[in-house]
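Trainee: Please take me through one part of this structure at close range. Start with a single residue and work outward from there.

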Amino acid sequence: MADSSFDIVSKVDKMEAENAVNQAQKEVAQRYDFKGVGASIEWSGEKLLLKASAEERVKAVLEVLESKMIKRGIGIRSLDTSDPYPSGKEFRIEVGLKNGISSDDAKKIAKIIRDEGPKSVKSQIQGDELRVQSKSRDDLQATMALLKNKDLDVALQFVNFR
């Protein structure tokens, strides 16, 4: 019998992200505590630009955006958030969406699988994703459970389970 395998990826569904941003924009426009502070969320290329007149207000806008992302199934680890910085009379936060697993994170994940996972499981880095193989499907599922319980810097999805 051939080896079973699955891929570990880190991807953000662009449509879900846009839906979450639209919901956050509506909430920011309607909420009373954001009236008159110039609070806004807008796309700036591949990044989101959050603006408000005060640092605590722009952090509150970020919290609204994060809550909408979570409701749409996008993990907070998928967001690459900068610190608030002043720009003229307003404060801004840039938020990027992380797609793909960096080589450093892939090496960390492969080391976790090698050290703590079942012995029959092998991992292989392929670009911005990892392929995990084993003869036993149960070992692969144990590996998935192991990685879900680890506190990693990236949001992981498991795809192509065969």
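**A buried lysine and what lies beyond**

Mentor: K51 has a relative accessibility of 16%, so this lysine counts as buried; the cut-off is under 20%. Keep in mind that the model is predicted. K51 sits in strand β3. Its side chain has a partner: a polar contact of 3.3 Å links it to the side chain of E42. E42 also appears in the contact list of K51, once neighbours within four places in sequence are set aside. The rest of that list is G38, A39, S40, V58, E90, F91 and R92.

Now take strand β3 as a whole. It spans residues 47-52 and gives two or more residues to the largest nonpolar core. That core has 25 residues. Those touching the most other members are F34, I41, L48, L50, L65, M69 and V95. Besides β3, the elements that give two or more residues are α1 (14-30), α2 (55-71) and β6 (90-97). Among the contributors, α2 gives the most, with seven residues. The general background is simple: in soluble globular proteins, nonpolar side chains tend to be buried together.

V95 is a good member to inspect. Leaving out residues up to four places away in sequence, V95 touches L48, L50, L62, L65 and L79. It also touches K47, D80 and T81. So which other core should you look for? A second, separate core exists, with 18 residues, including I8, I109, L146 and L147.

Next, the aromatic rings. How many aromatic pairs are there with centres within 6.5 Å? The count comes to two. One joins F6 and F158 edge-to-face, at 5.6 Å centre to centre with 80° between the planes. F6 belongs to strand β1 (residues 4-9) and F158 to strand β9 (residues 157-159), so this pair ties together parts 152 residues apart in sequence. Buried or exposed, where does F6 fall? Its relative accessibility is 0%, so F6 counts as buried. F158, at 22%, counts as partly exposed.

The other pair joins F6 and F161. Its geometry is tilted: 6.2 Å between centres, 35° between planes. F161 lies in the segment after β9 and F6 in β1, so this pair ties together parts 155 residues apart in sequence. F161 is partly exposed, with a relative accessible area of 31%. Put together, F6, F158 and F161 form one aromatic cluster.

There is also a charge over a ring. K14 lies over the face of W43, at 4.3 Å from the ring centre.

Finish with I125, for contrast in setting. I125 is in strand β7 (residues 122-126). It is partly exposed, with a relative accessible area of 39%. With neighbours within four places in sequence left aside, its contacts are A106, K107 and L130. I101 is not in that list. I125 and I101 are 24 residues apart in sequence, and their C-alpha atoms are 9.7 Å apart in space.

Return to the starting point. K51 is a buried lysine, its side chain in polar contact with that of E42, and its strand is β3.

Notes:
Residues are numbered from 1 along each chain as its sequence is written. This is a predicted model: local features need pLDDT of at least 70, side-chain atom pairs count only at pLDDT 80 or more; totals for chains, interfaces and linings use all residues. Side-chain values use heavy atoms; hydrogens and water are left out. A nonpolar core is a set of buried Ala, Val, Leu, Ile, Met, Phe, Trp, Tyr and Cys residues joined through side-chain atoms within 4.5 Å. Buried means under 20% relative accessible area, exposed over 50%, partly exposed in between (1.4 Å probe, protein chains only). Helices (H or I, at least four residues) and strands (E, at least two) are DSSP runs, numbered from the N terminus. Contact means heavy atoms within 4.5 Å. A polar contact is a pair of N or O atoms within 3.5 Å; within protein, one must be able to donate a hydrogen and the other to accept it, and residues adjacent in sequence count only if both atoms are side-chain atoms. Rings of Phe, Tyr and Trp (its six-membered ring) pair if their centres lie within 6.5 Å; planes under 30 degrees apart count as stacked, over 60 as edge-to-face and the rest as tilted. A charge sits over a ring if NZ of Lys or CZ of Arg is within 6 Å of the ring centre and within 35 degrees of the ring normal.
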